[in-house]
Amino acid sequence: MNTIRKPLLVSLMLASVNPVYANDKTLDPIIVTATRTAQTVDDALSPVIVITREDIERNQAVDVAELLRFHAGLDIARTGGAGSQTSLFLRGTESDHTLIMIDGVKFNPGTTGGAALQNIDPEQIQQIEIVKGPRSTLYGSEAIGGVINIITRRGKTKGTHATASMAIGEDKTRKFSANVAHTSDVFRAGLAVAANNTDGFPARLSSTAGDNGNRNTSINAYFGVKMNNGVDVELSHWQSRGNNEYLNFSLAARDQDFTNSVSALTFKANPTDIWSTSLKFSHMEDDLEQNQNNNSSRTTRNVLDWQNDLELNQHHLITAGVSLSSEKTTSVGFSSYDERTSTNAIFIQDNIQYGKHQFLVAARNTDHEDFGNHATWNLEYGYQATPKLRLLAGVGTAFRAPTGNDRFGFGGDPELQPETSRNIELGLRYKPTQHHGFSVSAFDNKIKDLINLVQVPAGSFNFNAVNVGRTRIKGIEFGYDFAKGPWQAKAEAIFQNPRNESDDTLLLRRAKRSLTASLVYTKGLYRIGADMLASGKREDASNVTLASFTTVNLNASYALNKDWRIQARLENAFNEEYELVDDYTTPGRTMLVELRFAPKGF
Amino acid sequence: MKTSISLFLLASAALHLAVLGLVDFSSPTQIIDSGSLIRVSIQAPSSKPVTKTSSHKNIEQATPTKKLVSSNSMPVIKPVLKKQKSVNSSLENTHFTPDLVEAPIQKTVTATEDTTVAKHTNDNPNIPSLSKSVSSLLYSDLKRAFDLHFYYPRMAIKRGWEGEVKISLRVEANGYLTHIQVIDSSGYNLLDKAAITSIDRVQILPAAIALLDGRSLDLILPVQYGLL
């Protein structure tokens, strides 16, 4: 059989090495795969959480805080319902220690430092990427606890596509969204409008006043061109405007108008095979105006970011760039100021890969108009012990520049130095089969030079902002995910000790232990899911201890046909009564029903 | 500080203008080196003569196949065929058919090839023979070697570049890999180069010396780069 009779001129495909033998099995080509990296994640060395569009639509969250809090280590404290002042404590750090970006543009205001997460409608979001650990070296101020990049929706497939949704819920919640996008080889454009209104509920337990509602209308628009020479230019704009009702210190009903926006003009090019460059001009606005008096606060910031990626060879991937920022902060009220601050930075990172070893070395120098030069750095190492097991270690520093309020507000001092941190981290990722994945990270984050208001002299009513505070947060996080057949499950847990080292107390409103889990079952046209958050007790001001709680959200979806879907969500299904801030209300059992037009291709 | 901002801005603007305006970095063209490709003959197990029905079957099957491969494979293989001067168009079909048609048809295809290429016997007097077990041994040897050396260029990952590149190469009798060239580009120079570099690194397949028994073997190796 195997003797040769005649020569045969055939190019021998390795895919079927021996095509002549009819029973020979077809051999596969060489397949080289890599994990598509998230936009924010330049390396695989830091713990990352990605919340996808699919997660968002399943969860039916009415705001971003709702999406974030179902991940352990992302503690949320808020003063009431939708739209109320929301603080995020990432891995136990302060609420102004997490850098929030929208499409890569810094969203934290220069007045207070804490981003207005409550004003971002999930309807506009494609994906949320959460990177834990110090990231100031690439992203600058505030990235002490980590970085959250909120990526807005873009059309994905070629052609013109539209989606829409409508929801009604208890507390007179009304949601509406419409989204149209066109994508071709050269042009892409999209426009999305969303409205998210609710009458809410009384924000405080001790209040006898009526409901505290919230109205939010947002738009997201973009226009991009990809030229023949590979240069990509995009103009984009996201904005959110609305009105929020709240109760002031003496329980009187108040309301404020807010405007948040991020606009960007981005050029991207690949001048050579090994060099990518991007130039981004961005403008952000954060505006809050009280309607019962003339108090207001406002930040506008113009930033020019120039980033380059250079793959020197198979081993070295260099990222280097420059960031020039000019920020205007205005405050009218208890203490008024109107100041302009410029901050410039230069950074370089080398991501080194040698076989199973990966190193990341990064450094940044920030030149701030007032406090001068400040350097931050990261040193990380990853070791692929086996194809299933990856070990990680890292040490890095980060900082938070003093805000407008710190420098010019009540007791402010323009000479303040930045708050600084040093984090050490050890971790592992283990994926024994394609269905299961485990992760563990232990961290020790020391933060010093925290800006506190100090009475000078003691006992007087004269306060000065001083770099005196020290905190230290040690913790360990566990993650598990499972996906097989119709089942998807995730669980995360954190055990942490966020301590104020100056007076050896627990940091306020942060749990020492929390556990989150989600379970989703998809079968045919149906999908049901549950999200659970169990949080340990937390300290609040005036020696109040907030009790531990467990809250569960249930959701279900049924596909009416290939384009239409009806969904329902039961928030806090077991009607758990709990507080995130002393005397402030959290939602009881609340029903929301949604109709969604979501054809494939968006 | 003000001057340093302006300096930064100027430098950056100048650089970007240079990059955007002056450099033409249109998509890289395919690397096609139509150098000499020596082809290897593999014998069909069946010695039955070609019947009319089987030829007919072949044509029927080959039509969709042709469509599938025409967009990328055909233009690449053509220059090679020209060098061999006397290959007719029916051979063009058959080259890529075995990969795509059902097993029984493959026999037919082979038979067709036998008759078509018979005249080349004199051009290539040293035609090696390879048994099925030898070829799969060699393949697994190659695959092992490649697994150690293949990498995904990180810049391609960042840019979201994916694609399949077809590389032709020769395993010499002494085990060395030579004549490594791209015959079908992935569309990205970076991925093509990475595949070539990876194979270059393999250099030698010691196991091939015994397996090939003094002859060389030409192979086409598809390499797929994919992001998960």
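**Exercise 1. Is Arg400(A) buried or exposed?**

Work out its burial, then list what surrounds it.

*Solution.* Before starting, note that this is a predicted model, where local features need pLDDT of at least 70, side-chain atom pairs count only at pLDDT 80 or more, and totals for chains, interfaces and linings use all residues. Residues are numbered from 1 along each chain as its sequence is written, chains are lettered from A and ligands numbered from 1 in the order in which they are written, and side-chain values use heavy atoms, with hydrogens and water left out.

Step 1: find the residue. Arg400(A) lies in strand E21 of chain A, residues 389–400. (Helices, H or I with at least four residues, and strands, E with at least two, are DSSP runs numbered from the N terminus.)

Step 2: check the accessibility. Arg400(A) has a relative accessible area of 2%, so it counts as buried. (Buried means under 20% relative accessible area, exposed over 50%, and partly exposed in between, with a 1.4 Å probe and protein chains only.)

Step 3: look for a polar partner. The side chain of Arg400(A) makes a polar contact of 3.0 Å with that of Asp406(A). (A polar contact is a pair of N or O atoms within 3.5 Å; within protein, one must be able to donate a hydrogen and the other to accept it, and residues adjacent in sequence count only if both atoms are side-chain atoms.)

Step 4: list the rest. Skipping neighbours within four places in sequence, the contacts of Arg400(A) include Asp96(A), His97(A), Ser141(A), Glu142(A), Pro418(A), Glu419(A) and Ile451(A). (Contact means heavy atoms within 4.5 Å.)

**Exercise 2. Describe the two largest cavities.**

*Solution.* Step 1: settle the rule. On a 1 Å grid over the protein atoms alone, a cavity is a set of points where a 1.4 Å probe fits but cannot get out, and lining residues have an atom within 4 Å of a point. Grid points are joined across faces, edges and corners, and a volume is the space filled by probe spheres set on the points.

Step 2: count. There are 15 cavities of 30 Å³ or more.

Step 3: take the largest cavity, at about 350 Å³. Its lining has 25 residues, with Val62(A), Ala82(A), Phe201(A), Glu571(A) and Pro587(A) nearest the centre. E11(A) supplies the largest share, four residues. By class, that lining splits into nine nonpolar, eight polar and eight charged residues. (Ala, Val, Leu, Ile, Met, Phe, Trp, Tyr, Cys and Pro count as nonpolar, Asp, Glu, Lys and Arg as charged, and the others, Gly among them, as polar.)

Step 4: do the second largest, with a volume of about 110 Å³. Of its 15 lining residues, Asp75(A), Ile76(A), Leu533(A), Ser535(A) and Phe549(A) lie nearest the centre. E3(A) gives the most here, with three residues.

**Exercise 3. Which residues have the most contacts inside the largest nonpolar core?**

*Solution.* Step 1: define it. A nonpolar core is a set of buried Ala, Val, Leu, Ile, Met, Phe, Trp, Tyr and Cys residues joined through side-chain atoms within 4.5 Å.

Step 2: name the hubs. In this core of 38 residues, Ile167(B) and Tyr225(B) have the most contacts.

Step 3: trace the elements. Those giving two or more residues include strand E1 (30–34) of chain A, plus helix H8 (189–202) and strand E3 (217–227) of chain B. H8(B) gives the most, with seven residues.

Step 4: put chain B in context. Chain B has nine helices and three strands, and 48% of its 228 residues are buried.

**Exercise 4. Find the backbone oddities.**

*Solution.* Step 1: recall the background. Most residues other than glycine have a negative phi, and most peptide bonds are trans.

Step 2: check the peptide bonds. Val456(A) and Pro457(A) are joined by a cis one, with omega about -10 degrees. Pro457(A) sits in the loop between strand E23 (436–455) and strand E24 (463–484) of chain A.

Step 3: check phi. Arg91(A) has a positive phi, near 50 degrees, and is placed in the loop between strand E4 (86–90) and strand E5 (98–102) of chain A. Phi of His179(B) is also positive, near 50 degrees, but His179(B) is in strand E2 of chain B.

Step 4: compare burial. Arg91(A) is buried, at 3% relative accessible area, whereas His179(B) is partly exposed at 34%.

How values were computed: On a 1 Å grid over the protein atoms alone, a cavity is a set of points where a 1.4 Å probe fits but cannot get out, and a pocket is an open set with protein on both sides within 12 Å along at least five of seven lines; lining residues have an atom within 4 Å of a point.
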